[in-house]
Amino acid sequence: MDSGTVAASANGFHDHFSLQSNGGSEHNLPKQPFIIGKGVAGGTASGKTTVCNMIITQLRDQRVVLINQDSFYRPLGDEQLEKVHEYNFDHPDAFNTELLLSCMEMLKNGQAVSIPYYDFKSHRMSEPARLVNPSDVIILEGILVLHDPRVRDLMNMKIFVDTDSDVRLARRIQRDTLERGRNIQNVLDQYATFVKPSFEEFILPSKKHADIIIPRGADNDVAVDLIVQHIHTKLGQHDLCKIYPNVFVIHSTFQIRGMHTLIRDVKTTKHDFVFYADRLIRLVVEHGLGHLPFTEKQIITPTGNGESMENALRACCKGIKIGKILIHGEGKNGRQLIYERLPTDIASRHVLLLDPVLASGNSAVKAISMLLSKGVPESNIIFLNLIAAPEGIHAVCKKFPRLKIVTSEIDISLNKNSRVVPGMGEFGDRYFGTDDGSDTVNHQPSEQ
Ligand SMILES: Nc1ncnc2c1ncn2[C@@H]1O[C@H](COP(=O)(O)OP(=O)(O)O)[C@@H](O)[C@H]1O
Ligand SMILES: Nc1ccn([C@@H]2O[C@H](COP(=O)(O)O)[C@@H](O)[C@H]2O)c(=O)n1
Ligand SMILES: [Mg+2]
């Protein structure tokens, strides 16, 4: 596919993400599990909520959602309210853990859930509830999220925020008097009667289950940065293969990593770029061919960058038929199909769709939709790339769960200009030598 520079289509991505427009449901396929759970526990006022908000802000990723265990407090009845000072809000029984588990289960199954809003002043739920869409990463924070094994086991990253108890008490007094409608005496009494004993009985012992302990909570920028990086990596790289069983990354060897280093280096000469790109493309094509059940093959190469993959393809499969698709897109205005030339019997063939870089996935979605409209069964399409951005993989796999993607590397992400990071520059220009060199250092691939 050939296209102009485009901005990331966060909206488009989000659509595929939601239950209603999930490609999987259209095709009556079982939903893919795509949760990466992060549990953040710690004593009251240790900074759990603050740390999670920092993580979410720094991630700037729509695929991450925060759920507070507080939302699952059991609302107090009238009698309990009259004796609220005798109520232990720090005991595990104060939470409706069954409801929490069923909400997590629904999210895991790709269903949106309505999460209650808990009012610390009235000790009851209040409107409006929050609609939470299923997301790749669900961060669950609360004093006891590492206590119950059923909740803990949903989390594949367990974090304990460890803040000095004097600091926590001081913060709790300040917060609860300012925000939760308490006076100092209430806070001190509750702390001595329930908060401290429950911390020692239930919360502190759950620290041993943590993978990461964050001393000093939100003051610990290094720990927060590391967690953000880790989530980025998990989101962006090979964990996608677990999320989408139809994504295949060719086995990484030192040779392959060396070739990637060379083709990503702006100083690599055109000759070397073509040589190593061809070698890598051949490996991807060979791998893609391994997924074909029949000897009969139909190839579509997008006009422009995709043509750069034809040489390697012809070297692997002599006499293969080549079709062309040209898709153009500028800015956020979507993609237009400019040109296509495909064999008339394409509906009865297997198709290798070639594009060196899968970025936002907008062009790929357009091309695949066009193939489907021609009658090509989704499961007959194998989409081959040299590098793929996680955003593109999500966009394509969620809409077309039956096709296969074969790539040699999954990169970290897209930047704000929809360029793959780290990427490898404008592939077509570097391959065909059409780059005038004016933007050699800064160039990154546009959505191909
Ligand atoms: N590093 C920090 N420095 C100063 N105040 C903080 C820090 N972290 C949190 N706070 C404040 O302390 C209070 C408790 O923090 P919060 O994140 O609500 O803790 P938790 O969710 O663990 O109870 C809040 O008023 C918050 O603004
Ligand atoms: N009605 C309520 C409910 C809970 N609490 C206290 O909140 C603490 C948990 O929230 P954090 O943000 O501090 O983790 C817990 O220690 C309860 O004592 C409350 O006071 N009133
Ligand atoms: Mg909190």
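How much area does the chain expose, and what share of it do carbon and sulfur atoms supply?

1. Overall surface. The chain exposes about 19,700 Å², and 52% of that area comes from carbon and sulfur atoms. The model is a predicted one, and every value below is computed from it.

2. Chain composition. The chain has 448 residues, of which 53% count as buried. Its secondary structure consists of 16 helices and 17 strands. Taking the contacts between residues at least 6 apart in sequence, 74% join residues that are at least 24 apart.

3. Surroundings of ligand 1. The residues around ligand 1 include the run G43, T44, A45, S46, G47, K48, T49 and T50. R171, R175, A218 and D219 also belong to these surroundings.

4. Polar contacts of ligand 1. A polar backbone atom of A45 is 2.8 Å from an oxygen atom of ligand 1. For S46, a backbone N or O atom lies 3.2 Å from an oxygen atom of the ligand. T49 takes part through its side chain, with a polar atom 2.6 Å from an oxygen atom of ligand 1. On its own, ligand 1 has 550 Å² of accessible area, and the protein covers 71% of this.

5. A45. This residue lies in the loop between β1 (36–42) and α3 (48–59). A45 is not a glycine, yet its phi is positive, at about 60°. Is A45 buried or exposed? A45 counts as buried because its relative accessibility is 10%, and the cut-off for buried is under 20%.

6. S46. The loop between β1 and α3 also holds S46. S46 has 0% relative accessibility and therefore counts as buried. Its side chain reaches the backbone oxygen of G43 at 2.7 Å. Leaving aside neighbours within four places in sequence, S46 is in contact with V161, T163, R168, R171 and G217. Of these contacts, R171 is also among the residues around ligand 1.

7. Ligand 2. How many residues surround ligand 2, and which are the closest? There are 17, and the closest are T44, K48, D90, Y118 and R172. T44 and K48 are also listed around ligand 1. A polar side-chain atom of Y118 lies 2.7 Å from a nitrogen atom of ligand 2. Two further side chains approach oxygen atoms of ligand 2: R175 has a polar atom at 2.9 Å, and Q190 has one at 3.1 Å. Taken alone, ligand 2 exposes 470 Å², of which the protein buries 99%. R175 is also one of the residues around ligand 1.

8. Aromatic pairs. The structure holds ten aromatic pairs. One of them joins Y73 and F89 edge-to-face, with 5.9 Å from centre to centre and 85° between the planes. The two residues are 16 apart in the chain: Y73 is in the loop between β2 (64–68) and α4 (78–82), and F89 is in the loop between α4 and α5 (97–108). Both Y73 and F89 are buried.

9. Aromatic cluster. Ring pairs link Y73 and F89 with Y87, F95, Y118 and F120 into a cluster. Y118 of this cluster has the side-chain contact with ligand 2 given in point 7.

10. Charges over rings. The charged end of R180 sits over the ring of F120, 3.5 Å from its centre. F120 is a member of the aromatic cluster. In a second case, the charged end of R168 sits over the ring of F199, 4.3 Å from its centre. R168 is also one of the residues in contact with S46.

11. Cis peptide bonds. The bond from E127 to P128 is cis, with omega near -5°. P128 is found in strand β4 (residues 124–132). The bond from V421 to P422 is cis as well, with omega near 5°. P422 is placed in the loop between β17 (420–421) and α16 (427–432).

12. R216. Like A45, R216 is a non-glycine residue with a positive phi. The value for R216 is about 70°. R216 lies in the loop between β7 (212–215) and α9 (221–236). Why is R216 counted as partly exposed? Its relative accessibility is 48%, and partly exposed covers the range between the 20% and 50% cut-offs.

Technical notes
Residues numbered from 1 in each chain as written. Chains lettered and ligands numbered in written order. Predicted model: local features only at pLDDT ≥ 70, side-chain atom pairs only at ≥ 80, totals over all residues. Heavy atoms only, no water. Phe/Tyr/Trp six-rings, centres within 6.5 Å; stacked < 30°, edge-to-face > 60°. Helix = DSSP H or I, 4+ residues; strand = E, 2+ residues; numbered from the N terminus. Buried < 20%, exposed > 50% of the residue type's maximum accessible area, 1.4 Å probe, protein only. Lys NZ or Arg CZ within 6 Å of the ring centre and 35° of its normal. Contact = heavy atoms within 4.5 Å. Areas by Shrake-Rupley, 256 points an atom, 1.4 Å probe, with all protein chains shown as cover. Near = heavy atom within 4 Å. Polar contact = N/O pair within 3.5 Å; in protein donor to acceptor, adjacent residues only side chain to side chain.
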